[in-house]
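Student: I should like to examine one part of this model closely. Please begin with a single sheet and then set out how its surroundings are arranged.

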Amino acid sequence: MSENQNLLAEQRRALILDEVRRRGGVRVNELTRRLGVSDMTVRRDLDALARQGVVEKVHGGAVPVVEASTHEPGFEAKSGLELTAKEDIARAAAELVAPGSAIALSGGTTTYALAHQLVDVPDLTVVTNSVRVADVFHSAQRTSGQRQGAATVVLTGGVRTPSDSLVGPVADQAIAALHFDVLFLGVHGISAEAGLSTPNLAEAETNRRLVQSARRVIVIADHTKWGTVGLSSFAALEQVDTLVTDGGMPAEARAEIAEHLRRLVVAGEPEDDTDI
C-alpha cells in the first residue's frame, strides 16, 4: 500500500497516541490499514512515541504507559506531543491579549507556543516563572534590537523543575507581590473532580499564587489533558474564566466543561454568541 503523504509525522503520531489511549492498545497491522502507510513507518512512529515515554512497545503493537500521579515529564518529552494542537491553541489564545496589558504565563509547552505568538504585541508586561518563555522574548529582542513597544519581562526566580518552571518560596513571594490582568496557565491535568492539577507539589503552590494574583485566568490545554489528574490540585474549575483548547476535545467533555466554566474557546471553531 502506498504511503499517505497527506499526514505529517507529528499528525500520524498524534492519531496513533489517541488510538492507543482510547483502545488501551493497538497492533501495527491495524495502524497500517487505518493510516495507509507501511509497517516500517508505523514502527518508526511507535519508536518515537516510546522515546517520548507515552507508549510502551509490545510484540506486534503498543500499549499506553500508565503514569503515576507523581510522574512529571521533562520539557523536551512534552514538547513533541500534540504540536499542531498547541500551535492552534496558541494562535487562538493570542487573540485574547490586548496591547499594553500586564499578563502572566506559567510554565509549559503550550504557554511556550503562546509566547512565540506574543512577541509582536506592543507594550506588554510579561510575568513568568518559565525559563523557556522568558527566553522567547529575550531572543526576539536580541534579534530585532531594542525596538519600541517590546515586552517588559519579569522572571520570578526560584527552583527549576523538570518542565523548566521556577517554583518554591522565592517564586511564590515574587508572584504574591504582583497583580496582572490575565494569567495564561498551562496544566498537567484538568478534570471536573480534581480541577487543575500537577504532579509537582512545589509547582502546585506556585500556580496557586499565580491564580490568586490574576484578575482573569485563562487555561490553555489540548484535549489530552482532560481527565488527567496529577498528585496535587491547585485550583477548581470555577476559578477559571476561560479554557482554550483544540477541536479534539470530545463532545461529552465540552458539555461537562460548560457546567463549570464561563467560556470555552475551541481553536478553529466559531464561538457561541453567549459565554458558557
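Student: In what order do the strands of the open sheet of 3 strands lie, and is their pairing parallel or antiparallel?

Tutor: The model is predicted, so local features need pLDDT of at least 70, side-chain atom pairs count only at pLDDT 80 or more, totals for chains, interfaces and linings use all residues, and side-chain values rest on heavy atoms, with hydrogens and water left out. Residues are numbered from 1 along each chain as its sequence is written.

The order in this open sheet is E10-E11-E13, and the pairing is antiparallel. Strands (E, at least two residues) and helices (H or I, at least four) are DSSP runs numbered from the N terminus, and two strands pair if DSSP finds at least two bridges between them. Strand E10 (189-191) and strand E13 (232-235) are the edge strands, each pairing on one side only.

Consider the pairing of E10 with E11. These strands pair in the antiparallel sense over 3 bridges, and a hairpin of 3 residues joins E10 to E11. Ile 190 has Leu 196 in E11 as its bridge partner. Leu 196 also stands opposite Ala 235 in E13. Residue Leu 196 thus leads to the second pairing, in which strand E11 (residues 195-198) is joined to E13 by 3 bridges, the two running antiparallel. There, the bridge partner of Thr 198 is Ser 232 in E13.

On average, neighbouring strands of this sheet are turned by 35° against each other, direction ignored. Helix H9 (residues 201-212) lies across E11 and E13 and runs at about 5° to E13. Such angles run from 0 to 180 degrees between N-to-C directions, with axes fitted as lines to C-alpha atoms, for helices over the stretch in contact. Contact means heavy atoms within 4.5 Å.

A further open sheet has 7 strands in the order E6-E5-E4-E9-E12-E14-E15, and its pairing is parallel. Strand E6 (152-155) and strand E15 (263-266) stand at its edges with a single partner strand each, so one side of each is left without a neighbour in the sheet. The average turn between neighbouring strands here is 20°, direction ignored. Within this sheet, strand E12 (residues 214-220) and strand E14 (residues 242-245) pair in the parallel sense over 3 bridges, and Ile 218 stands opposite Thr 242 in E14. Helix H6 (residues 109-118) packs on the sheet, where it touches strand E4 (102-105), strand E9 (180-185) and E12; the direction of H6 makes about 145° with that of E4.

Helix packing can be described in the same terms. The axes of helix H1 (residues 9-23) and helix H3 (residues 39-51) come within 10 Å and cross at roughly 75°. H1 supplies Arg 12, Arg 13, Ile 16 and Leu 17 to this contact, and H3 supplies Thr 41, Arg 44, Asp 45, Leu 46, Ala 48 and Leu 49. With helix H2 (residues 28-35), the axis of H1 comes within 12 Å, and the crossing is at roughly 130°. This contact involves Arg 12, Leu 15, Ile 16, Glu 19, Arg 22 and Arg 23 of H1, together with Glu 30, Leu 31, Arg 34 and Leu 35 of H2. Arg 12 and Ile 16 accordingly appear in the contact of H1 with H3 and in that with H2.
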